[in-house]
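Q: Please take a close look at the aromatic rings in this model, and at how any pairing between them relates to the rest of the fold. I would like one connected account, with the reasoning behind each assignment made clear.

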Amino acid sequence: MNSLVYLLDTVVTGNSADYVPIGIQIIFAAGFVATVMIATHLLGPKRKTAEKLENFASGIESHGNARQPLAIKYFLVAILFVLFDVEVIFFYPYAVNFKSLGWNGFIEVLLFVGFFLTGFIYIIKKGALKWED
């Protein structure tokens with residue numbers, strides 16, 4: 001019982017001295033990271049060959065310029081995917097609570113699906129998912 005009172009007492013006081021161990025731990029952690037980085041830089045081998053200095057992208061040979069423009073269709077499809085994916089996430093709470101929501105919940109979900117489909121039909125009519133260039 002005394003240890004519980006002691007723990008509660010230190011939580012209640014909230015002195016800045018209570019944070020000294022955390023500060024010491026951060027200083028030691030930063031010092032350790034700096035020491036290891038400096039040691040590996042000084043002690044490690046320094047054999048820079050053309051093959052080692054070449055960019056590596058998952059084993060695929062790189063070719064061309066990475067700064068060439070992409071078609072806007074890629075970005076549009078990515079944004080539409082995120083948009084519809086987030087909308088589908090809203091079906092999960094309904095699926096969990098559909099019995100307790102009753103008919104009012106069912107009607108609200110039908111309205112949500114209606115708005116969802118209206119947006120999807122609008123996107124199809126605008127040709128956002130056509131891939132001809």
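**Aromatic pairs and their setting**

A: The chain has an accessible surface of about 12500 Å², and carbon and sulfur atoms contribute 70% of that area. The model is predicted, with a pLDDT that averages 80 over the chain and reaches at least 70 in 83% of the residues. Confidence varies along the chain: among its elements, helix 1 (residues 2–13) has the lowest mean pLDDT, at 55, while helix 2 (residues 20–43) has the highest, at 95.

The chain holds five helices and zero strands, which gives the order α-α-α-α-α when read from the N terminus. Of its 133 residues, 8% are buried. Among contacts with a separation of 6 or more, 60% join residues that stand 24 or more positions apart.

Against that background, six aromatic pairs are found when the whole structure is searched. One of them joins F84 and F116, whose ring centres lie 5.1 Å apart and whose planes meet at 85 degrees; because an angle over 60 degrees counts as edge-to-face, the pair is assigned to that class. Since F84 belongs to helix 4 (residues 72–89) and F116 to helix 5 (residues 91–126), this pair ties together parts of the chain that are 32 residues apart in sequence. Both partners fall below the 20% limit for burial, and so F84, at 15% relative accessibility, is classed as buried, as is F116, with a relative accessible area of 16%.

F84 also pairs with F120: here the ring centres are 5.6 Å apart and the planes are again at 85 degrees, so this pair too is edge-to-face. With F84 in helix 4 and F120 in helix 5, the pair ties together parts that are 36 residues apart in sequence. F120, however, is partly exposed, because its relative accessible area is 33%. Taken more widely, ring pairs link F84, F90, F91, F112, F116 and F120 into a cluster.

The surface offers a further nonpolar feature, a patch formed by W103, F106, I107, L110, L111 and F115, which together present about 720 Å² of accessible area. L110, one of the residues of this patch, is located in helix 5 and is partly exposed, with a relative accessible area of 47%. Helix 5 therefore supplies F116 to a pair with F84 of helix 4, and L110 of the surface patch lies in helix 5 as well.

Note on methods
Residues are numbered from 1 along each chain as its sequence is written. This is a predicted model: local features need pLDDT of at least 70, side-chain atom pairs count only at pLDDT 80 or more; totals for chains, interfaces and linings use all residues. Side-chain values use heavy atoms; hydrogens and water are left out. Rings of Phe, Tyr and Trp (its six-membered ring) pair if their centres lie within 6.5 Å; planes under 30 degrees apart count as stacked, over 60 as edge-to-face and the rest as tilted. Helices (H or I, at least four residues) and strands (E, at least two) are DSSP runs, numbered from the N terminus. Buried means under 20% relative accessible area, exposed over 50%, partly exposed in between (1.4 Å probe, protein chains only). Patches are made of residues with over 30% relative accessible area and no salt bridge: like charges are joined within 9 Å, nonpolar side chains (Val, Leu, Ile, Met, Phe, Trp, Tyr) within 5 Å. Accessible areas come from the Shrake-Rupley method with a 1.4 Å probe; for residues, only the protein chains shown count as cover. A salt bridge is a side-chain nitrogen of Lys or Arg within 4 Å of a carboxyl oxygen of Asp or Glu. pLDDT is the predictor's confidence in each residue, from 0 to 100. Contact means heavy atoms within 4.5 Å.
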